[in-house]
Amino acid sequence: MVKILVDSSSDYEPEEIKEKGFEFVPISITIGDTDYIDGVSLEKDEFYEILKGTEDFPKTSQPSPQAFLDIFKDAKEKQDTIFCILLSSELSGTCQSAQLAKNMVDYESIYIIDSLSATYMIKILADYTYELVQKNTPAEEILQKIEALKPRVTLFAGLDTLEYLCKGGRLSKSAAAIGELANIKPVITVTEKGAVGVLGKCLGKNKAIAQVFKHLQESGLDDSFPLYTIYTYGTDNCQRLEEKLEENGYSTSKRLQVGATIGSHIGPEAFGVVFVKQ
């Protein structure tokens with residue numbers, strides 16, 4: 001049997017994890033003195049409500065090798081194959097923990113895939129893997145196809161505030177303060193190396209929405225894959241982006257809410273797109 005494993009940064013809803021039979025490893029999040037398990041004891045709306053009410057920046061903890069170990073031992077015992085599609089190694093040590101667990105189990109049919117991505121970018125990769133598994137594609141071919149798809153999966157997002165980039169250490173306090181006064185709205189991406197990168201800084205939401213749309217247009221869309229709109233907390237900005245997409249002939253597959261792992265860095269009212277470029 002072939003199985004797929006994702007961590008909670010993929011932002012799958014529990015129902016879809018269950019429906020597709022995925023293995024699931026959660027990431028822990030600490031806010032102040034309280035520990036939460038992403039996707040298990042912490043729902044998305046609840047996370048943003050806590051985030052808005054605290055000065056503490058959330059700290060994420062990578063899963064331990066033990067979190068993977070029982071799943072990997074079971075796979076070895078049953079001679080299953082597992083594709084683990086995990087949060088970018090630039091953002092977390094999750095891949096490293098999975099690799100350590102694989103080494104401990106000493107079983108070759110476990111494939112640790114550094115997605116070099118996050119949130120619904122991982123969903124696109126995992127859903128594609130699921131389709132290939134349903135077609136009985138050989139494991140080595142699946143691996144090649146995932147690696148070929150990885151650099152084409154793209155995220156562009158507009159931020160409503162600089163506060164969380166600042167708290168996360170990606171922006172100085174003085175730059176954030178000046179930016180907030182000037183109504184600067186950054187547009188970010190996940191780079192091909194799997195890090196969060198700032199593409200530009202726009203004056204106001206309308207220009208940020210236009211900038212996200214422009215980057216999508218310039219990248220070109222492979223419409224054999226879904227085009228998702230994404231939001232963190234509050235859907236007004238996302239809705240305005242969707243209207244712009246619709247006006248220009250783009251058909252979106254679904255609106256999806258970004259969870260705590262990436263939401264910590266971008267804050268409420270963020271909006272964007274996830275898609276596969278041509």
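**Close-up 1. Strands β9 and β10 run antiparallel and are joined by 7 bridges.** This view, like the others here, comes from a predicted model. Follow β9 into β10 and you trace a hairpin with 5 residues between the two strands. In the turn, look for G194, which has a positive phi of about 90°. One pair to find across the hairpin is V190 and, opposite it in β10, V196. On β9 you can also look for a partner in another strand: β8 and β9 pair in the antiparallel sense, over 3 bridges. There, T189 of β9 is the bridge partner of F156.

**Close-up 2. Strand β9 is largely enclosed by the rest of the structure, because 7 of its 7 residues are buried.** Try sorting the side chains by direction. I184, P186, I188 and V190 point one way from the strand, while K185, V187 and T189 point the other way. Both sets are buried.

**Close-up 3. Helix α9 covers residues 205-219, and its length can be checked with a little arithmetic.** At 1.5 Å a residue, its 15 residues should span 21 Å, and the end C-alpha atoms are indeed 21 Å apart, so the two values agree. Which residues of α9 are buried? They are A208, I209, V212, F213, H215 and L216. These residues lie on the same side of α9, because they cover an arc of only 155° around the axis. A general rule helps here: an α-helix has 3.6 residues a turn, so residues three or four places apart point the same way. Turned away from the buried side is a face that carries the exposed residues N206, K207 and E218. The partners that the buried residues pack against are β8, β9, β10, α10 and β13. Just after the helix comes G220, with a positive phi of about 80°.

**Close-up 4. Helix α3, residues 65-78, offers another length check.** With 14 residues at 1.5 Å each, α3 should span 20 Å; the distance between its end C-alpha atoms is 20 Å, which agrees. Its buried residues are F68, L69, I71, F72 and A75. What covers them includes the strands β1, β2, β6 and β7, as well as helix α4. After α3 comes Q79, whose phi is positive, near 60°.

**Close-up 5. The largest nonpolar core has 49 residues.** Which of its members touch the most others? They are V6, I124, L149 and V274. Helix α5, residues 120-134, gives the most to this core, with 9 residues. Leaving aside residues up to four places away in sequence, V6 touches several residues, among them Y12, F24, I85 and A126. A second, separate core holds 18 residues, including V187, V212, Y231 and C238. As a general background, nonpolar side chains tend to be buried together in soluble globular proteins.

**Close-up 6. The loop between β7 and α5 contains L116 and T119.** L116 has a positive phi of about 55° although it is not a glycine. T119, also a residue other than glycine, has a positive phi near 45°. Buried or partly exposed: which word fits L116? With a relative accessible area of 26%, L116 is partly exposed. T119, at 1% relative accessibility, counts as buried.

How values were computed. Residues are numbered from 1 along each chain as its sequence is written. This is a predicted model: local features need pLDDT of at least 70, side-chain atom pairs count only at pLDDT 80 or more; totals for chains, interfaces and linings use all residues. Side-chain values use heavy atoms; hydrogens and water are left out. Helices (H or I, at least four residues) and strands (E, at least two) are DSSP runs, numbered from the N terminus. The expected span of a helix is 1.5 Å times one less than its number of residues. Buried means under 20% relative accessible area, exposed over 50%, partly exposed in between (1.4 Å probe, protein chains only). The arc is that of the directions from the helix axis to the C-beta atoms. Contact means heavy atoms within 4.5 Å. A nonpolar core is a set of buried Ala, Val, Leu, Ile, Met, Phe, Trp, Tyr and Cys residues joined through side-chain atoms within 4.5 Å. Two strands pair if DSSP finds at least two bridges between them.
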